[in-house]
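The exercises below concern the sequence and structure shown next. Work through each one before reading its solution.

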Amino acid sequence: MRVFSKHKISRPDSLSWAMLVAMVLLSFLLYRPALNGYFVSEDLRHLTFGWSEVTAEFSDWGQSMGYRPGTTLYLVLNNLLWGRNQIGHHATVFFLHGIVSWLVYLVVRRVTGEYVSGLLAALVFVAAPIHTEAVIWLAAAAGTVTSGLLCMLAIWLWVRQDSPPSSWTIGFVAGLYFLALLVKEVAIVLPLLLVLVDWRMRRFEKGFRPILRKVLSYWPFAVSLGTYGFLHFSSGALTHSFDYGVRLDASFPQMADMWTICARDLFRPISTFVEWKIGAHNWIWLGIFLVLLHTVREGRWGALWAMAALLPGATAYEPRLTYLSVVGFAILASQTLLWITRGVESWLHLESKPNRYVSLGSIFIAIFVIGLLVADTRALYRDAANWEKAGELTWSIPRQARELLPEPPDNAELHFIDLPDNVNGAYAFRWGIVHEVRYVYNDPDLAVHHVLPGPPRWGKVTLDSIPCEAANPRFFFKYDSELEELQMVSPSEFGMDCPQNDTQ
């Protein structure tokens, strides 16, 4: 079938540049509803970052979760470029997401030798609804999308030559690996992905010695990883960085549950569409994934890619940790569609028919692509509405506080409780209320506390840890989720169990 014919492809051509424009435009079209969404959660803290936070990442008092000077640099550059203009921040991410999707097209097209394989994989990747957290949430995108960009650029440079990579290419790709690690630790799996594409491109010779020589040729990546590990350990955040994704105390049932949830999300919106019929049986989607891994030989390298890229978050699943893994799933999805199309054509004996009958495969693929984009767009728009609502809350609640208390006295303390944590999975405040209230009051030294319910916890301000008496004037705010408004309340209404609460 001509549309599936293989070609020798080593560098971008006019079609590739057209795909670049198409992927960027499609990224903006898909995420358009979130373009004007206000900052949420950690975004509000990141808006205060400057050059001092970049240098701090190389010490033991950095501001990021773990050791991520590359992420912090990205945040600072965006702050300098856009300030508090949320449209600029979002537009930058949408543009980078389109670039990553284009690199998916280039890599898959080069490895498989098929234009249509690269096109399908890029479309599945750019429109995957599992990306909403990684792309819309600016705090997540700063590390996830940028590290994904560096990794995909490294893989493209690795596969673009017909022969195995030159010494210059190996050194340059190893440098990109080091930079990707400085952005986010999920990039640690890049050498394993390079092994997979080398295996798919049959760059491994048979025999123990040739394989050993091939493995030893990856030594520059060990140097990059060792350098990163030394710097990371010197910062004092090595354990903290990886602990949130890989927990050695996780049980096998917990790990299995994480993988089944991930499989369900990878198959969105199909899994959501049929949930009314089969229920929330996540293991079904993991089973389908494993069946495709076994059946679709051409897509096996994509399935293995998806599994390998999940390893940094194997025991603590978060949708944003799957960004690089979805590339492998997109490869598997594209190869599965082509496998089905070829099977149908073979069954109907169309390969021996005149060319006018060959268009059946193209029609089938076009229908699939249109259906995929429609379904994914609906799912993305639903998720974008949740993030937009979360942004509305982070914008309105601090300003409601300013209306209730226009001018707080000197040394005043503002306490907030029952703030919305998320809107159907879209994070709202969490760590953002302090910085946004200070911004609204134009007072960087204002004492603001996000109070959590429950007993005292290390590093947290909880209801039971607030003393009943204080030397400074205190004001208590409580969010009423039913009325969707902030209220100034007395200590007893706030939840404090203190003598003579009503007189404070």
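**Exercise 1.** Which residues have the most contacts inside the largest nonpolar core, and which element gives the most to this core?

Solution. The model is a predicted one.
- Step 1. The largest nonpolar core has 142 residues. Those with the most contacts inside it are M152, I155, W158, W305, L414 and F416.
- Step 2. Helix α8 gives the most to this core, contributing 16 residues.
- Step 3. Another core, of nine residues, lies apart from the largest one. Its members include I417, I466, F476 and C498.
- Step 4. Take I155 as a case: leaving out residues up to four places away in sequence, I155 touches V107, L190, L193, L194, V197 and W305.
- Step 5. As background, nonpolar side chains in soluble globular proteins tend to be buried together.

**Exercise 2.** Locate T146, decide whether T146 is buried or exposed, and list what T146 touches.

Solution.
- Step 1. T146 lies in helix α8, which covers residues 138-159.
- Step 2. The relative accessible area of T146 is 10%. Buried means under 20%, so T146 is buried.
- Step 3. The side chain of T146 reaches the backbone oxygen of G143 at 3.4 Å.
- Step 4. Not counting residues up to four places away in sequence, T146 touches Y74, L96, A141 and V183.

**Exercise 3.** Compare the end-to-end span of helix α4 with the value expected at 1.5 Å a residue, then find which of its residues are buried and what they pack against.

Solution.
- Step 1. Helix α4 has 14 residues. The expected span is 1.5 Å times one less than the number of residues, so α4 should span 20 Å.
- Step 2. The end C-alpha atoms of α4 are 20 Å apart, which agrees.
- Step 3. The buried residues of α4 are P69, T71, T72, Y74, L75, V76, N78 and N79.
- Step 4. These buried residues pack against α2 (43-46), α3 (51-56), α5, α8 and α9 (167-183).
- Step 5. After α4 comes G83, with a positive phi near 60 degrees.

**Exercise 4.** Repeat the span check for helix α6 (residues 115-127), and state how many of its residues are buried.

Solution.
- Step 1. With 13 residues, α6 should span 18 Å at 1.5 Å a residue.
- Step 2. The distance between its end C-alpha atoms is 19 Å, which agrees.
- Step 3. Eleven of the 13 residues of α6 are buried, so the helix is mostly covered.
- Step 4. The buried residues are V116, S117, G118, L120, A121, A122, L123, V124, F125, V126 and A127.

**Exercise 5.** Which residues are joined into one network by salt bridges that share partners?

Solution.
- Step 1. The count of salt bridges comes to eleven.
- Step 2. One of them joins the side chains of E436 and R84, with 2.8 Å from N to O. E436 is in helix α20 (residues 433-441) and R84 is in the loop between α4 (69-82) and α5 (86-112); the two are 352 residues apart.
- Step 3. E436 has a relative accessible area of 1% and is buried. R84, at 26%, counts as partly exposed.
- Step 4. R399 also forms a salt bridge with E436, and their closest N and O atoms are 3.1 Å apart. This pair connects helix α19 (residues 359-404), which holds R399, to helix α20, across 37 residues.
- Step 5. Both R399 and E436 are buried.
- Step 6. Salt bridges with shared partners therefore join R84, R399 and E436 into one network.

**Exercise 6.** Which parts of the chain does the salt bridge between R200 and E298 tie together?

Solution.
- Step 1. The closest N and O atoms of R200 and E298 are 3.0 Å apart.
- Step 2. R200 lies in helix α10 (residues 190-200), while E298 lies in the loop between α16 (282-295) and α17 (300-309), so the pair ties together parts that are 98 residues apart in sequence.
- Step 3. R200 is buried at 14% relative accessible area, whereas E298 is partly exposed at 39%.

**Exercise 7.** For N411 and E484, where does each lie, and what is its phi?

Solution.
- Step 1. N411 lies in the loop between α19 and β1 (413-417). Its phi is positive, about 60 degrees, although N411 is not a glycine.
- Step 2. E484 is in the loop between β5 (474-480) and β6 (485-489). Its phi is near 55 degrees, again positive in a residue other than glycine.
- Step 3. N411 is exposed, with a relative accessible area of 58%. E484 is partly exposed, with 48%.

How values were computed. Residues are numbered from 1 along each chain as its sequence is written. This is a predicted model: local features need pLDDT of at least 70, side-chain atom pairs count only at pLDDT 80 or more; totals for chains, interfaces and linings use all residues. Side-chain values use heavy atoms; hydrogens and water are left out. Helices (H or I, at least four residues) and strands (E, at least two) are DSSP runs, numbered from the N terminus. Buried means under 20% relative accessible area, exposed over 50%, partly exposed in between (1.4 Å probe, protein chains only). A polar contact is a pair of N or O atoms within 3.5 Å; within protein, one must be able to donate a hydrogen and the other to accept it, and residues adjacent in sequence count only if both atoms are side-chain atoms. Contact means heavy atoms within 4.5 Å. A nonpolar core is a set of buried Ala, Val, Leu, Ile, Met, Phe, Trp, Tyr and Cys residues joined through side-chain atoms within 4.5 Å. A salt bridge is a side-chain nitrogen of Lys or Arg within 4 Å of a carboxyl oxygen of Asp or Glu.
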